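Here is a short report on how two chains meet and how each is built. Keep the structure open while reading.

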Protein chains: 2
Amino acid sequence: MTKINQQWLLASRPVGRIKESNFKWHESPVGELPDGEVLVRNIYLSLDPTNRGWMNPTATYLPALELGDVMRGMAVGVVEQSKNPHFAEGDLVQGLLGWQLYTTSDGRGLTKFQQFPGVPLDAFLGLFGMIGMTAYFGLLDVGRPKEGETLVVSGAAGAVGSLVCQIGKLKGLRVVGIAGSEEKCRYLTDELGIDGAINYKTDNIRKALRQHCPDGIDIYFDNVGGEILDTVLGQINLFARIVLCGMISQYNATEPVPGPYNLVNLLVRRGRMEGFIVLDYYDRADEAMAALAEWYFEKKVQYRTEIVPGLKSAPTAINRLFDGNKSGKLIVQVSEWEPAG
Amino acid sequence: MTKINQQWLLASRPVGRIKESNFKWHESPVGELPDGEVLVRNIYLSLDPTNRGWMNPTATYLPALELGDVMRGMAVGVVEQSKNPHFAEGDLVQGLLGWQLYTTSDGRGLTKFQQFPGVPLDAFLGLFGMIGMTAYFGLLDVGRPKEGETLVVSGAAGAVGSLVCQIGKLKGLRVVGIAGSEEKCRYLTDELGIDGAINYKTDNIRKALRQHCPDGIDIYFDNVGGEILDTVLGQINLFARIVLCGMISQYNATEPVPGPYNLVNLLVRRGRMEGFIVLDYYDRADEAMAALAEWYFEKKVQYRTEIVPGLKSAPTAINRLFDGNKSGKLIVQVSEWEPAG
């Protein structure tokens, strides 16, 4: 039976917010598999703020997509057919498999992995994937926390942020999270047990930070950029570290966004602001996975996923990242998964 | 004979540019020296961009001055009288001795030093003082250069900048300087031998950087902040380092100054931007002094000083730092100095 591929192609560049019309749905038969290649059926597709930057005409930390390309996206899938000696039918793989049902690959950029017992497959796009590694290396390697310091996290109820908060508590930090609803703030304080939560939509952030961080701010894990970064810079301690992990507040901007007015504080307080992309840490993945697995099985970290059914929903679901109306890591279910055994 | 002290007191906070009326000239007799104290006659007073920040009502890396305080300033002087066992008449000292002819001190914050043969006393406020240490530790410790990398320096013909340029060349870097006149640019290329110089008043900085830095920018030693920082951020390489040493472009600003629009590049290129104040490195002064002395006596670094006569001139002379019409380290001669022997 001929397999029919389903794909979302990049049809136009978004101006501001992503529209469904920026993508074109494309169906075509999957051809004969060439020698040396593997055919992967994608199961879970990760939706991440960074996807927005990939749609722009200029390169980010990855080359820009061309119009007509399959939209780039991180996913996990299963090998359905292999003419490559490094992969066998049934292997689980992850990589930039794209917004499509089937991916044909020569194997470069595909990583095989084993599902651990008791861990759902979608977690390999989250806690045991880029998200977990981002939180782990961003906080520990770039932030270099010392016990007793104060950590502020923006996007704190998000996939990365909620892990950063929990790792911060495990490392003995005072942790204050910034999120966009009362429900999220309650989740942070009541479920994750952090020391304070600020609703940036209703609270005066400057005053709330002064209240929740009486000893100032030593580490800021920044997922949002913009005004919140600026406000935090006004309250950093000597030798503070600012981990620039994302700038979601400006990904949809249609005008240039000014940097922080308080940048001079970075000089005066001898702070360090450092950009961070998890791709640079893939050679140390085992270290993060071992620590995260230990914490997960000891129930010291918890982790939420929201799974949206159907590849067709991806272009609309992605805006939930920018609207903030989701709970946990946002994932699209591309096809069914029945674990063996 | 009663000694008469001469002092410049902070009379009002400048709004924008410093005016002479922000200071009040004060003369009064020097009283009897209390036990435990030393009387220093100041010889050379250092004028530095950072002085402007000290005049503001808010603390910088040092507490704010009160109105009526003697203006703060780094100086070298000679002990004229001592009732402190750690100091003897004739000792040379440096420290924040202030804008005054005589300083009475309990010794805290005073550093004794020996004048090297062949080195003029004013060099201890420059090459062998804060300036030399700023260039040395800022470039080497914060910038962490690797041979063959490209270094861009703003304020490149200034006291710190011209040393950073020369140390950069000694470390095997491609060095491009940004300065404010053709004469300064010629000094940088013809006298100091750097690879390229850009006149920010007449050149298109973005295009000139592209031309002079064909392999991109690995290290930016920033003395100025503002638009030049923004433009450089647009051309940084992966893992670039930005040493925030000064932001002279905005010290006189009367409105909040936006940070760099290109800050997102720091994230995407995984750059590190770090504030730097030389005070944090005083415990490693010997290391810098040894290296600078070796380079100086081997004629591998050169160094210019412009000495303005008379303490009375300080309030007007200081604006030359912001106007850029000076050549080398700006110093006020407060009193005469006749080395012994």
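The text below goes from the pairing of the chains to the domains, the core and one strand.

**How the chains meet**

This is a predicted model. In it, 25 residues of chain A are in contact with 25 residues of chain B. Two elements of chain A give two or more residues each to this side: helix H7 (264-268) and strand E13 (272-275). The chain A side divides into 16 nonpolar, 4 polar and 5 charged residues.

The E13 strands also pair across the interface. E13(A) and E13(B), residues 272-275 of chain B, run antiparallel and are joined by 3 bridges. One bridge partner pair is Glu274(A) with Arg272(B).

Symmetry comes next. Chain A superposes on chain B after a rotation of 180 degrees, with 0.0 Å of shift along the axis and an RMSD of 0.0 Å. That is the relation of a two-fold axis. In chain A, Gly259(A) has the C-alpha nearest the axis, 1.8 Å from it. The copies meet through the same surface, because 100% of the interface residues of chain A are also interface residues in chain B.

**Domains of chain A**

The domain assignment gives domain 1 (4-126 + 303-333) and domain 2 (130-279). Their centres, taken over C-alpha atoms, are 28 Å apart. Domain 1 puts 14 residues into the contact between them, and domain 2 puts in 13. On the domain 1 side, these divide into 6 nonpolar, 5 polar and 3 charged.

**The nonpolar core**

In soluble globular proteins, nonpolar side chains tend to be buried together. Here the largest nonpolar core has 208 residues. Which members touch the most others? They are Leu45, Val152 and Leu188, in both chain A and chain B. Take Leu188(B). Leaving aside neighbours within four places in sequence, Leu188(B) is in contact with residues including Ala156(B), Cys165(B), Gly177(B) and Ile194(B).

**Strand E15 of chain B**

Strand E15(B) covers residues 329-333. Of its 5 residues, 4 are buried, so the strand is largely enclosed by the rest of the structure. E15(B) pairs with two strands of chain B, listed here.

| Strand paired with E15(B) | Bridges | Direction |
|---|---|---|
| E3(B), residues 38-46 | 3 bridges | antiparallel |
| E14(B), residues 305-309 | 5 bridges | parallel |

Residue pairs can be named for each. Ser46(B) has Ile331(B) as its bridge partner in E15(B). Pro309(B) stands opposite Gln333(B) in E15(B).

Key. Residues are numbered from 1 along each chain as its sequence is written. Chains are lettered from A and ligands numbered from 1 in the order in which they are written. This is a predicted model: local features need pLDDT of at least 70, side-chain atom pairs count only at pLDDT 80 or more; totals for chains, interfaces and linings use all residues. Two residues are in contact if their C-beta atoms, placed from the backbone, lie within 7 Å. Ala, Val, Leu, Ile, Met, Phe, Trp, Tyr, Cys and Pro count as nonpolar, Asp, Glu, Lys and Arg as charged, and the others, Gly among them, as polar. Two strands pair if DSSP finds at least two bridges between them. Domain bounds come from an automatic or database domain assignment. Copies are superposed by least squares on the C-alpha atoms of residues with pLDDT of at least 70 in both. A nonpolar core is a set of buried Ala, Val, Leu, Ile, Met, Phe, Trp, Tyr and Cys residues joined through C-beta atoms within 7 Å. A residue is buried if 20 or more other C-beta atoms lie within 10 Å of its own, exposed if 12 or fewer, and partly exposed in between; C-beta atoms are placed from the backbone.
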